[in-house]
Amino acid sequence: MASRPNVVRRLRRGLLAAAVAACVAVPLAGAARPTAVPAPAPAALGPLTAGGGQAELTQRYTANRADILAAQRLATRYGDPQRATELAELARTDRQFLSFDGRDGGRTVEVFGDLATARTVAVYVPGSDTNLGTYDRFATGAQALEQQLGGDAAHAAVVAWLGYATPDTVSPVVLTDGRADRAAPQLQDFVRRLAAFVPEARTSVICHSYGSTVCARAAAGLDVADIVLYGSPGVGSDLPNVSGLHTKATVWAGRASGDWIAGVPHVRVPILFTTLGLGTDPVTPGFGAHLFAAGTGGHSDYLKPGSVPLRSIAAIVSGAADRAPSI
């Protein structure tokens with residue numbers, strides 16, 4: 001058996017090679033990044049307010065639709081018809097945005113379902129490569145979960161929280177927890193204000209891929225029923241078990257058998273002025289998360305309609321899942 005120093009050296013070389021490859025690849029993909037498309041500053045709406053109810057939601061949805069249309073007009077003037085078309089889809093009158101900022105790749109919070117009457121709420125935190133250019137994939141997953149929960153008839157809502165600058169999958173940034181550290185307090189603040197807005201609702205956060213790193217870093221400040229980590233590259237530290245998250249929430253973890261993320265080294269290696277790797281794998285039995293059935297799909301299939309993980313996650317969010325420690 002190889003000694004631990006040799007294993008660490010091999011992991012360090014592997015992570016460094018990945019970082020170098022990412023640095024080469026990023027400039028090649030840079031022209032396609034949505035950060036290249038300008039957008040106007042959004043209206044200053046402020047955070048959700050306790051007791052705001054349907055009147056506040058209607059006001060916010062209307063104001064953000066106006067901001068999306070303004071961004072669409074600017075994209076048209078900029079000569080980007082694809083972005084203009086994407087924004088026109090977001091500006092449909094049946095879309096419900098709590099916030100929208102088209103700058104720097106996009107920051108959005110969209111509601112699926114009737115938030116004012118919701119008794120079950122899931123906050124969906126996405127992973128890498130989620131931005132206005134790939135938004136349809138993110139929104140489709142949120143909508144599928146809302147439908148699996150039973151929609152308005154079940155008084156359930158899903159809040160798709162794209163509240164941070166997600167890293168590119170092919171970049172050195174995705175190998176570090178810097179973006180997660182910056183996003184964590186923003187997620188904590190949003191969930192706290194959401195809880196004040198719908199105080200009777202059972203709220204959970206569901207966290208995909210790099211989003212699971214964000215949620216793990218935020219866990220101590222999330223007053224929610226469940227934290228669901230799936231397709232995770234790591235919790236952003238070398239925590240030996242779930243107690244290190246310092247949360248009262250029930251922590252769940254799942255990974256599909258066809259998910260390539262299983263091959264990512266779950267380590268943290270100091271290199272130069274940073275630390276590469278995202279640490280502990282939350283599906284490791286010793287970590288102590290409640291494991292849920294995640295099926296055989298790939299990394300992007302967890303919220304696919306009719307899938308095993310979608311049913312599992314909906315059961316967790318609704319409070320109906322078996323809290324046995326393993327599947």
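In this predicted model, Gln-96 is partly exposed, because its relative accessible area is 23%, and a residue counts as buried under 20% and as exposed over 50%. Gln-96 belongs to the loop that runs between helix H3 (81–90) and strand E1 (97–101). When its neighbours within four places in sequence are left aside, Gln-96 is in contact with Tyr-61, Val-109, Glu-110, Val-111 and Gly-113. One of these, Glu-110, stands 14 residues away along the chain, yet the C-alpha atoms of Gln-96 and Glu-110 are separated by 5.6 Å. Another of them, Gly-113, offers its backbone oxygen, which the side chain of Gln-96 reaches at 3.0 Å.

Tyr-61, one of the contacts of Gln-96, is also one of the buried residues of helix H2, and this helix can be checked for its length. Helix H2 covers residues 53–78, and its 26 residues at 1.5 Å a residue should span 38 Å, which agrees with the 38 Å between its end C-alpha atoms. The buried residues of H2 include Glu-56, Leu-57, Arg-60, Asp-67 and Ile-68, and the buried residues of this helix pack against H3, E1, strand E2 (107–112) and helix H5 (178–197). After H2 comes Gly-79, whose phi is positive, near 85°.

Two further elements, helix H6 and strand E7, can be set side by side.

| Element | Residues | Buried residues |
|---|---|---|
| Helix H6 | 210–218 | 8 of the 9 |
| Strand E7 | 250–254 | 5 of the 5 |

Because 8 of its 9 residues are buried, H6 is largely enclosed by the rest of the structure. Among the buried residues of H6 are Tyr-210, Cys-215 and Ala-218, and what covers the buried residues of this helix includes strand E3 (120–125), H5, strand E5 (202–208) and strand E6 (226–230). H5 therefore appears in two settings, since the buried residues of H2 pack against H5 and H5 is included in what covers the buried residues of H6.

Strand E7 is likewise largely enclosed by the rest of the structure, because 5 of its 5 residues are buried. In a regular strand the side chains alternate between the two faces of the sheet. In E7 both faces are covered, with Thr-250, Trp-252 and Gly-254 buried on one side and Val-251 and Ala-253 buried on the other. E7 pairs with E6 in the parallel sense over 5 bridges, and in this pairing Thr-250 of E7 is the bridge partner of Asp-226. E7 is also joined by 2 bridges to strand E10 (residues 290–291), with the two strands running parallel, and here His-290 of E10 is the bridge partner of Trp-252.

Note on methods
Residues are numbered from 1 along each chain as its sequence is written. This is a predicted model: local features need pLDDT of at least 70, side-chain atom pairs count only at pLDDT 80 or more; totals for chains, interfaces and linings use all residues. Side-chain values use heavy atoms; hydrogens and water are left out. Helices (H or I, at least four residues) and strands (E, at least two) are DSSP runs, numbered from the N terminus. Buried means under 20% relative accessible area, exposed over 50%, partly exposed in between (1.4 Å probe, protein chains only). Contact means heavy atoms within 4.5 Å. A polar contact is a pair of N or O atoms within 3.5 Å; within protein, one must be able to donate a hydrogen and the other to accept it, and residues adjacent in sequence count only if both atoms are side-chain atoms. The expected span of a helix is 1.5 Å times one less than its number of residues. Two strands pair if DSSP finds at least two bridges between them.
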